[in-house]
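Student: Please give me a close look at one part, the strand pairing. Start with confidence, and finish with the cysteines.

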Amino acid sequence: MRQKTEYRVGVGASSILMILVVLSLTALSLLSLSSARNNQALSERNLGMTVQYYEAAANAQRKLAAMDAALEKHAGTLFSRAAWQSIFDAEGLTDVSLTDELTFAFTVDAGAGRTLAVEGTLTPNTQPRYRLTCHELRSSALQTEQPLLLLTPPTTAPVGQTNP
Amino acid sequence: MQSGKNNMLLVELLIVLLFFALSQAIVVQVFARAQQVNHAAELLSRTLSTAENAAEVLAISDDPAEALQQLGFTAADGAYVLAVQDEYALNASILRTAQPAGILTTVLLEGQRAEETLFTLPACQYREVTAP
């Protein structure tokens, strides 16, 4: 007569299975938490860099306002590059560089190894008194010929508003 | 002897289930925490993205108040508020500073969660003023 074979779960098999399952779920949960923390750190880093860029852009606008004040003060006069440079230096705009064609350029630190480069042309005897030709974010960490992020303004600067 | 083995198996199964339940109580909390962190990071990114969009629009607009209203901000106590999601919101306040040759308009965009300020984004624009 054939004997019926009984299959029984051995003592210890369930423990081993439980240990494997708990270990794998623990590893998954820790990986999930690590990924979430990395995502949060990346979001916060992006936030910091974005705020630094807009603060640099605001500083650039303040510098343009100071330049415009100097241009308005001496409007109607023909000055050479050296004369305008000395006027700007007297107004505290020592980092604004001028060329003989009266094109100006300055940079503002935008944090994280980046600079905001602003360039334009001075037209002190016309309205508007200056025109922007370049508003670029450059990275000093990656020295490339082409800028990483080109933020050029419209070809014509906004026309001054009438005094209310 | 067979019943002894059965008893041992039952005891082991009970211990296994108990330990499994305790460990999963901790693992589920870790998963929930990860989900919370991801959700908070997503909302922060969304609020920042909304603030950037508003800052770019304000940089070229002639009337910041009208531009803020077109972006969906509602006026409240001299400032402008835009609800993003959950407790996240954007507050905007307009500052006009007279310069010797023009007007410097600064719109401060504050990202807030409940009463906590997460970031402040300045949107600055300088306009020349021509003499009549």
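Tutor: pLDDT is the predictor's confidence in each residue, on a scale from 0 to 100. This is a predicted model. Its scores are ipTM 0.87 and pTM 0.82. Chain B has a mean pLDDT of 91, with 96% of its residues at 70 or more. Within chain B, strand β4 (residues 102-113) is highest at 94, while strand β1 (residues 74-76) is lowest at a mean of 90.

Now the strands of chain A. Take β2(A), residues 103-109. One face is covered: A:F104, A:F106 and A:V108. The other is uncovered: A:T103, A:A105, A:T107 and A:D109.

β2(A) runs antiparallel to β1(A), residues 97-98, and two bridges join them. There, A:A105 stands opposite A:S97. The two strands form a hairpin with four residues between them. In that turn, A:L102 has a positive phi of about 60°.

β2(A) also pairs with β3(A), residues 114-122, antiparallel over seven bridges. A:T103 of β2(A) faces A:T121 in β3(A). This hairpin too has four residues between its strands, and A:G111 takes a positive phi near 75°.

Last, the cysteines. The count of disulfides over all chains is zero. A:C134 has its closest cysteine sulfur in B:C124, 19 Å away, so the gap is too far for a bond. The cut-off is 2.5 Å. Both residues count as buried: A:C134 has 5% relative accessibility, and B:C124 has 10%.

How values were computed:
Residues numbered from 1 in each chain as written. Chains lettered and ligands numbered in written order. Predicted model: local features only at pLDDT ≥ 70, side-chain atom pairs only at ≥ 80, totals over all residues. Heavy atoms only, no water. Buried < 20%, exposed > 50% of the residue type's maximum accessible area, 1.4 Å probe, protein only. Pairing = 2+ DSSP bridges.
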